[in-house]
Amino acid sequence: MTRAVRYLAARTLDTAPAENPPPGPGQVEIAPAYVGICGTDLHIFHGDMDARVAAPAVLGHEMSGRVIRVGQGVEDWSPGDAVTVMPLRWDDTCPACRAGHQHICQHLDFIGIDSPGAMQQRWTVPATTLVRLPGSLPLNHAALMEPTAVAVHDVGRAQVRAGEKAVVVGGGPVGILIALVARAAGAEVRVVELSPHRRRLAEKLGLTTWDPAADDLPELVGEWTGDAGADVAFEVSGAQGGVDTAVDVLGVRGRLCLVAIHPRPREVNLHRFFWRELTLVGARLYDRTDFERAVTLVADGTVPAEQLISKVVPMAQAPDAFEALEGGGDVMKILVDCTDDSQGADR
(Lines give C-alpha, C1' and ligand atoms only; values in the text may rest on other atoms or scores of the structure.)
Protein backbone atom coordinates (compact mmCIF):
# COMPACT_ATOMS: atom_id res chain seq x y z
CA MET A 1 0.00 0.00 0.00
CA THR A 2 1.36 3.41 -0.93
CA ARG A 3 1.10 6.49 1.28
CA ALA A 4 -0.01 10.08 0.82
CA VAL A 5 0.10 13.38 2.72
CA ARG A 6 -3.49 14.53 3.20
CA TYR A 7 -5.18 17.74 4.32
CA LEU A 8 -7.94 16.92 6.81
CA ALA A 9 -8.93 20.30 8.29
CA ALA A 10 -7.38 23.66 9.15
CA ARG A 11 -3.80 23.08 10.38
CA THR A 12 -4.30 19.30 10.30
CA LEU A 13 -2.38 16.98 7.99
CA ASP A 14 -1.71 13.27 8.15
CA THR A 15 0.26 10.63 6.27
CA ALA A 16 -2.01 7.73 5.47
CA PRO A 17 -2.32 4.70 3.18
CA ALA A 18 -3.68 5.63 -0.22
CA GLU A 19 -5.03 3.70 -3.15
CA ASN A 20 -4.07 5.03 -6.54
CA PRO A 21 -6.16 3.90 -9.52
CA PRO A 22 -4.28 2.20 -12.36
CA PRO A 23 -3.82 4.37 -15.45
CA GLY A 24 -6.80 4.31 -17.78
CA PRO A 25 -6.81 5.24 -21.46
CA GLY A 26 -4.70 8.35 -22.01
CA GLN A 27 -3.35 8.29 -18.46
CA VAL A 28 0.05 7.71 -16.90
CA GLU A 29 1.01 6.48 -13.42
CA ILE A 30 3.93 8.37 -11.88
CA ALA A 31 6.12 7.71 -8.86
CA PRO A 32 6.60 11.25 -7.48
CA ALA A 33 10.14 11.80 -6.21
CA TYR A 34 10.10 15.32 -4.75
CA VAL A 35 7.17 17.67 -4.14
CA GLY A 36 7.60 21.33 -3.20
CA ILE A 37 5.40 23.15 -0.69
CA CYS A 38 4.20 26.50 -2.00
CA GLY A 39 2.18 29.47 -0.79
CA THR A 40 -1.07 28.03 -2.11
CA ASP A 41 -0.46 24.84 -0.13
CA LEU A 42 -0.05 27.02 2.97
CA HIS A 43 -3.37 28.75 2.23
CA ILE A 44 -4.99 25.30 2.11
CA PHE A 45 -3.21 24.29 5.34
CA HIS A 46 -4.62 27.37 7.08
CA GLY A 47 -8.16 26.42 6.05
CA ASP A 48 -8.52 29.44 3.77
CA MET A 49 -9.59 27.33 0.79
CA ASP A 50 -12.04 24.95 2.45
CA ALA A 51 -14.81 26.10 0.12
CA ARG A 52 -12.76 24.75 -2.79
CA VAL A 53 -10.74 21.87 -1.32
CA ALA A 54 -12.66 18.75 -0.36
CA ALA A 55 -11.01 16.99 2.61
CA PRO A 56 -9.35 14.57 2.85
CA ALA A 57 -7.28 16.05 0.03
CA VAL A 58 -3.86 15.02 -1.27
CA LEU A 59 -1.83 18.22 -1.72
CA GLY A 60 1.07 19.18 -3.96
CA HIS A 61 1.56 20.41 -7.52
CA GLU A 62 5.29 21.32 -7.67
CA MET A 63 6.87 17.97 -8.44
CA SER A 64 9.25 15.71 -10.26
CA GLY A 65 9.21 11.95 -10.67
CA ARG A 66 9.32 9.00 -13.05
CA VAL A 67 6.75 7.21 -15.15
CA ILE A 68 5.76 3.80 -13.72
CA ARG A 69 2.97 2.61 -16.05
CA VAL A 70 1.11 3.97 -19.05
CA GLY A 71 -2.49 3.47 -20.01
CA GLN A 72 -4.00 2.41 -23.30
CA GLY A 73 -3.26 4.73 -26.19
CA VAL A 74 -0.26 6.44 -24.55
CA GLU A 75 2.62 6.20 -27.02
CA ASP A 76 5.01 9.06 -26.14
CA TRP A 77 5.90 7.94 -22.61
CA SER A 78 7.61 4.86 -21.20
CA PRO A 79 8.38 3.54 -17.71
CA GLY A 80 11.46 5.24 -16.31
CA ASP A 81 10.97 8.55 -18.11
CA ALA A 82 11.79 11.56 -15.90
CA VAL A 83 8.89 13.99 -15.85
CA THR A 84 7.24 16.91 -14.21
CA VAL A 85 3.55 17.75 -14.47
CA MET A 86 1.84 20.91 -15.67
CA PRO A 87 -1.07 20.50 -13.23
CA LEU A 88 -3.85 22.01 -15.31
CA ARG A 89 -6.91 20.31 -16.77
CA TRP A 90 -9.27 22.50 -18.79
CA ASP A 91 -12.61 21.87 -20.49
CA ASP A 92 -11.76 23.31 -23.96
CA THR A 93 -15.34 24.60 -24.28
CA CYS A 94 -15.59 27.74 -22.11
CA PRO A 95 -15.08 31.25 -23.55
CA ALA A 96 -11.52 31.45 -22.16
CA CYS A 97 -10.54 28.15 -23.78
CA ARG A 98 -12.16 29.07 -27.08
CA ALA A 99 -10.13 32.30 -27.04
CA GLY A 100 -6.92 30.27 -26.64
CA HIS A 101 -6.42 30.86 -22.92
CA GLN A 102 -6.84 27.29 -21.68
CA HIS A 103 -4.52 27.88 -18.70
CA ILE A 104 -7.18 30.17 -17.18
CA CYS A 105 -10.15 28.04 -18.18
CA GLN A 106 -13.33 29.23 -16.48
CA HIS A 107 -13.84 25.68 -15.16
CA LEU A 108 -10.19 24.86 -14.55
CA ASP A 109 -9.21 21.76 -12.58
CA PHE A 110 -5.98 22.77 -10.87
CA ILE A 111 -4.57 19.37 -9.99
CA GLY A 112 -3.38 19.35 -6.39
CA ILE A 113 -6.11 21.78 -5.35
CA ASP A 114 -9.33 20.78 -7.12
CA SER A 115 -8.29 17.12 -7.49
CA PRO A 116 -5.67 14.86 -5.84
CA GLY A 117 -2.11 16.14 -5.99
CA ALA A 118 1.43 14.83 -6.08
CA MET A 119 2.31 14.38 -2.40
CA GLN A 120 1.91 10.62 -2.59
CA GLN A 121 4.00 7.65 -3.66
CA ARG A 122 1.92 6.86 -6.76
CA TRP A 123 -0.06 9.38 -8.82
CA THR A 124 -2.18 8.89 -11.93
CA VAL A 125 -2.59 11.89 -14.24
CA PRO A 126 -3.51 12.58 -17.88
CA ALA A 127 -0.56 11.98 -20.20
CA THR A 128 -1.23 15.43 -21.68
CA THR A 129 -0.03 17.06 -18.45
CA LEU A 130 3.47 15.54 -18.57
CA VAL A 131 6.55 17.61 -19.40
CA ARG A 132 9.75 15.75 -20.23
CA LEU A 133 12.88 16.34 -18.14
CA PRO A 134 16.50 15.90 -19.23
CA GLY A 135 17.84 12.60 -17.92
CA SER A 136 20.85 14.36 -16.39
CA LEU A 137 18.79 16.79 -14.31
CA PRO A 138 18.61 15.84 -10.59
CA LEU A 139 15.00 15.22 -9.64
CA ASN A 140 15.21 17.41 -6.54
CA HIS A 141 16.20 20.35 -8.78
CA ALA A 142 13.38 19.49 -11.17
CA ALA A 143 10.81 19.91 -8.39
CA LEU A 144 11.28 23.68 -8.87
CA MET A 145 10.01 23.51 -12.44
CA GLU A 146 6.43 24.60 -11.69
CA PRO A 147 7.33 27.79 -9.76
CA THR A 148 9.96 28.57 -12.40
CA ALA A 149 7.24 28.28 -15.06
CA VAL A 150 5.20 30.76 -13.00
CA ALA A 151 8.14 33.19 -13.10
CA VAL A 152 8.61 32.71 -16.85
CA HIS A 153 4.92 33.48 -17.40
CA ASP A 154 5.08 36.56 -15.15
CA VAL A 155 8.11 38.00 -16.94
CA GLY A 156 6.41 37.34 -20.26
CA ARG A 157 3.19 39.03 -19.17
CA ALA A 158 5.21 42.07 -18.07
CA GLN A 159 6.96 42.12 -21.48
CA VAL A 160 10.37 42.60 -19.88
CA ARG A 161 13.01 43.67 -22.40
CA ALA A 162 16.80 43.78 -22.30
CA GLY A 163 18.14 46.93 -20.66
CA GLU A 164 14.98 47.68 -18.70
CA LYS A 165 14.98 48.27 -14.96
CA ALA A 166 12.76 45.90 -12.99
CA VAL A 167 11.82 45.93 -9.30
CA VAL A 168 10.59 42.74 -7.65
CA VAL A 169 8.65 43.46 -4.45
CA GLY A 170 8.84 40.33 -2.31
CA GLY A 171 11.88 38.05 -2.17
CA GLY A 172 10.24 34.70 -1.46
CA PRO A 173 10.66 31.72 -3.79
CA VAL A 174 8.55 33.11 -6.64
CA GLY A 175 9.99 36.61 -6.26
CA ILE A 176 13.55 35.30 -6.46
CA LEU A 177 12.67 33.19 -9.48
CA ILE A 178 11.09 36.20 -11.21
CA ALA A 179 14.26 38.21 -10.51
CA LEU A 180 16.43 35.45 -12.00
CA VAL A 181 14.24 35.04 -15.09
CA ALA A 182 14.04 38.83 -15.61
CA ARG A 183 17.82 39.04 -15.30
CA ALA A 184 18.16 36.26 -17.89
CA ALA A 185 15.96 38.37 -20.19
CA GLY A 186 18.52 41.18 -19.92
CA ALA A 187 16.87 43.40 -17.31
CA GLU A 188 18.60 45.15 -14.42
CA VAL A 189 16.84 43.91 -11.30
CA ARG A 190 16.34 45.05 -7.71
CA VAL A 191 14.61 42.92 -5.07
CA VAL A 192 12.70 44.61 -2.24
CA GLU A 193 12.48 42.29 0.78
CA LEU A 194 12.10 42.70 4.56
CA SER A 195 13.64 39.37 5.59
CA PRO A 196 17.43 39.55 6.14
CA HIS A 197 17.72 35.82 5.39
CA ARG A 198 15.99 36.19 2.03
CA ARG A 199 18.03 39.27 1.17
CA ARG A 200 21.24 37.37 1.92
CA LEU A 201 20.19 34.48 -0.30
CA ALA A 202 19.27 36.85 -3.13
CA GLU A 203 22.64 38.57 -2.83
CA LYS A 204 24.44 35.20 -2.95
CA LEU A 205 22.69 34.73 -6.29
CA GLY A 206 24.14 38.01 -7.52
CA LEU A 207 20.96 40.06 -7.06
CA THR A 208 20.90 43.55 -5.54
CA THR A 209 18.41 43.93 -2.68
CA TRP A 210 16.74 46.81 -0.86
CA ASP A 211 15.34 46.71 2.67
CA PRO A 212 12.07 48.69 2.74
CA ALA A 213 12.32 49.08 6.53
CA ALA A 214 15.75 50.71 6.46
CA ASP A 215 16.42 52.02 2.96
CA ASP A 216 15.07 55.20 1.40
CA LEU A 217 13.45 53.56 -1.61
CA PRO A 218 12.50 56.75 -3.49
CA GLU A 219 16.09 57.96 -3.22
CA LEU A 220 17.49 54.58 -4.31
CA VAL A 221 15.12 54.38 -7.27
CA GLY A 222 16.04 57.92 -8.28
CA GLU A 223 19.77 57.21 -8.14
CA TRP A 224 19.37 53.94 -10.02
CA THR A 225 17.15 55.30 -12.81
CA GLY A 226 18.27 58.92 -13.09
CA ASP A 227 14.94 59.98 -11.57
CA ALA A 228 13.06 58.24 -14.39
CA GLY A 229 11.57 55.41 -12.29
CA ALA A 230 11.55 51.70 -13.04
CA ASP A 231 10.18 50.28 -16.28
CA VAL A 232 8.44 47.36 -14.62
CA ALA A 233 7.54 46.22 -11.11
CA PHE A 234 6.34 42.84 -9.87
CA GLU A 235 4.12 42.73 -6.78
CA VAL A 236 4.88 39.38 -5.14
CA SER A 237 4.50 40.24 -1.45
CA GLY A 238 0.74 40.00 -1.09
CA ALA A 239 0.75 42.95 1.32
CA GLN A 240 -0.66 46.47 1.11
CA GLY A 241 2.80 47.94 1.61
CA GLY A 242 4.05 45.89 -1.32
CA VAL A 243 1.31 47.23 -3.56
CA ASP A 244 2.19 50.80 -2.57
CA THR A 245 5.89 50.22 -3.23
CA ALA A 246 5.32 48.55 -6.59
CA VAL A 247 3.23 51.50 -7.79
CA ASP A 248 5.55 54.16 -6.38
CA VAL A 249 8.76 52.86 -8.00
CA LEU A 250 7.37 52.99 -11.54
CA GLY A 251 8.28 55.64 -14.06
CA VAL A 252 6.18 57.08 -16.87
CA ARG A 253 4.31 54.32 -18.70
CA GLY A 254 5.71 51.73 -16.34
CA ARG A 255 4.11 48.30 -16.06
CA LEU A 256 2.95 46.72 -12.82
CA CYS A 257 2.64 42.92 -12.94
CA LEU A 258 0.43 41.56 -10.17
CA VAL A 259 1.70 38.13 -9.15
CA ALA A 260 0.69 37.68 -5.50
CA ILE A 261 -2.74 36.39 -4.50
CA HIS A 262 -4.33 39.12 -2.38
CA PRO A 263 -7.01 37.64 -0.11
CA ARG A 264 -8.81 40.97 0.24
CA PRO A 265 -9.26 44.12 -1.86
CA ARG A 266 -6.38 46.60 -1.68
CA GLU A 267 -6.17 50.35 -1.98
CA VAL A 268 -4.32 51.42 -5.13
CA ASN A 269 -3.05 54.91 -5.94
CA LEU A 270 -5.05 55.38 -9.13
CA HIS A 271 -3.93 58.98 -9.43
CA ARG A 272 -0.42 57.65 -9.96
CA PHE A 273 -1.77 55.42 -12.72
CA PHE A 274 -3.44 58.42 -14.34
CA TRP A 275 -0.51 60.80 -13.89
CA ARG A 276 2.18 58.48 -15.24
CA GLU A 277 0.01 56.45 -17.65
CA LEU A 278 0.86 53.22 -15.85
CA THR A 279 -0.33 49.76 -16.90
CA LEU A 280 -1.51 46.96 -14.60
CA VAL A 281 -1.39 43.36 -15.82
CA GLY A 282 -2.42 40.21 -13.99
CA ALA A 283 -0.36 37.04 -14.25
CA ARG A 284 -1.79 33.66 -13.33
CA LEU A 285 -0.30 30.21 -13.88
CA TYR A 286 1.47 29.29 -17.16
CA ASP A 287 1.20 27.42 -20.44
CA ARG A 288 3.29 24.63 -21.93
CA THR A 289 5.72 27.06 -23.56
CA ASP A 290 6.43 28.55 -20.13
CA PHE A 291 7.11 25.07 -18.73
CA GLU A 292 9.47 24.19 -21.56
CA ARG A 293 11.38 27.43 -21.03
CA ALA A 294 11.54 26.65 -17.30
CA VAL A 295 13.09 23.25 -18.03
CA THR A 296 15.84 24.98 -20.02
CA LEU A 297 16.52 27.58 -17.31
CA VAL A 298 16.78 25.02 -14.50
CA ALA A 299 18.79 22.52 -16.56
CA ASP A 300 21.39 25.09 -17.68
CA GLY A 301 21.80 26.55 -14.18
CA THR A 302 20.28 29.97 -14.92
CA VAL A 303 17.98 29.05 -12.05
CA PRO A 304 20.39 27.61 -9.41
CA ALA A 305 17.88 25.20 -7.92
CA GLU A 306 20.26 23.71 -5.37
CA GLN A 307 20.72 27.09 -3.66
CA LEU A 308 16.97 27.65 -3.40
CA ILE A 309 16.23 24.34 -1.65
CA SER A 310 16.39 24.88 2.12
CA LYS A 311 15.50 21.37 3.24
CA VAL A 312 14.24 17.98 2.07
CA VAL A 313 11.98 16.06 4.46
CA PRO A 314 10.30 12.63 4.34
CA MET A 315 6.54 12.38 4.00
CA ALA A 316 6.10 11.74 7.73
CA GLN A 317 7.61 15.15 8.49
CA ALA A 318 5.48 17.09 6.02
CA PRO A 319 3.23 18.60 8.75
CA ASP A 320 6.31 20.01 10.50
CA ALA A 321 7.53 21.42 7.18
CA PHE A 322 4.28 23.32 6.69
CA GLU A 323 4.67 24.85 10.14
CA ALA A 324 8.29 25.78 9.45
CA LEU A 325 7.27 27.62 6.28
CA GLU A 326 4.75 29.69 8.21
CA GLY A 327 7.66 31.49 9.86
CA GLY A 328 8.85 32.53 6.41
CA GLY A 329 12.19 34.24 6.87
CA ASP A 330 14.70 31.46 7.51
CA VAL A 331 13.58 29.01 4.81
CA MET A 332 13.09 29.37 1.09
CA LYS A 333 11.85 26.10 -0.45
CA ILE A 334 11.11 22.83 1.37
CA LEU A 335 10.69 19.62 -0.62
CA VAL A 336 8.90 16.48 0.50
CA ASP A 337 10.72 13.30 -0.49
CA CYS A 338 8.01 10.87 -1.56
CA THR A 339 10.49 8.06 -2.07
CA ASP A 340 11.47 7.96 1.61
CA ASP A 341 8.97 8.01 4.46
CA SER A 342 11.55 7.80 7.23
CA GLN A 343 14.36 10.38 7.28
CA GLY A 344 14.96 13.91 6.00
CA ALA A 345 18.03 15.94 5.25
CA ASP A 346 19.05 19.55 5.34
CA ARG A 347 20.30 20.96 2.03
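1. How many bridges join β1 to β2, and in which sense do the two strands run? Seven bridges join them, and the strands run antiparallel. This is a predicted model, so read every value below as computed from it. One pair in this ladder is easy to find: Y7 has L13 of β2 as its bridge partner.

2. Next, the sheet around these strands. Three strands make up an open sheet, ordered β2-β1-β4, with antiparallel pairing. β2 and β4 (57–58) are the edge strands, and each of them pairs on one side only.

3. Look now at the loop between β1 (2–9) and β2 (12–18), where R11 sits. Is R11 buried, partly exposed or exposed? Its relative accessibility is 44%, so R11 counts as partly exposed. Buried would require a value under 20%, and exposed a value over 50%.

4. R11 has partners from elsewhere in the sequence. Beyond its neighbours within four places, R11 is in contact with F45, H46, E323 and E326. With E326 there is a polar contact, side chain to side chain, at 2.5 Å. For a sense of scale, take R11 and V167. They are 156 residues apart along the chain, and their C-alpha atoms are separated by 34 Å.

5. Strand β3 (residues 27–36) deserves a careful look. Nine of its ten residues are buried, so β3 is largely enclosed by the rest of the structure.

6. Which strands pair with β3? Strand β5 (residues 62–70) is one of them, joined to β3 by eight bridges in the antiparallel sense. Within that pairing, G36 stands opposite E62. Strand β9 (residues 123–126) also runs antiparallel to β3, with four bridges between them. There, Q27 has P126 as its bridge partner. β18 pairs with β3 as well, antiparallel and over three bridges. In that case Y34 is matched with D337.

7. That leads to K333, which lies in β18 (residues 333–337). Is K333 buried or exposed? Its relative accessibility is 5%, so K333 counts as buried; the cut-off for buried is under 20%.

8. What surrounds K333? Setting aside neighbours within four places in sequence, its contacts are G36, I37, C38, E62, L144, P173, L308, I309, S310 and K311. G36 and E62 are the pair that stand opposite each other in the β3 and β5 ladder. A polar atom of the K333 side chain lies 3.2 Å from the backbone oxygen of I37.

9. K333 also borders an enclosed space. The count is one cavity of 30 Å³ or more. The volume of the largest cavity is about 40 Å³. Its lining consists of L144, P147, P173, L177, L308, M332 and K333. By class, that gives six nonpolar residues, no polar ones and one charged. Among these lining residues, L144, P173 and L308 are also in contact with K333.

10. Last, an open space. The second largest pocket holds about 260 Å³. It is lined by 15 residues, and those closest to its centre are M86, L88, W90, Q102 and H103. What is the make-up of this lining by class? Five residues are nonpolar, seven polar and three charged.

Definitions and conventions: Residues are numbered from 1 along each chain as its sequence is written. This is a predicted model: local features need pLDDT of at least 70, side-chain atom pairs count only at pLDDT 80 or more; totals for chains, interfaces and linings use all residues. Side-chain values use heavy atoms; hydrogens and water are left out. On a 1 Å grid over the protein atoms alone, a cavity is a set of points where a 1.4 Å probe fits but cannot get out, and a pocket is an open set with protein on both sides within 12 Å along at least five of seven lines; lining residues have an atom within 4 Å of a point. Grid points are joined across faces, edges and corners, and a volume is the space filled by probe spheres set on the points. Ala, Val, Leu, Ile, Met, Phe, Trp, Tyr, Cys and Pro count as nonpolar, Asp, Glu, Lys and Arg as charged, and the others, Gly among them, as polar. Buried means under 20% relative accessible area, exposed over 50%, partly exposed in between (1.4 Å probe, protein chains only). A polar contact is a pair of N or O atoms within 3.5 Å; within protein, one must be able to donate a hydrogen and the other to accept it, and residues adjacent in sequence count only if both atoms are side-chain atoms. Contact means heavy atoms within 4.5 Å. Two strands pair if DSSP finds at least two bridges between them.
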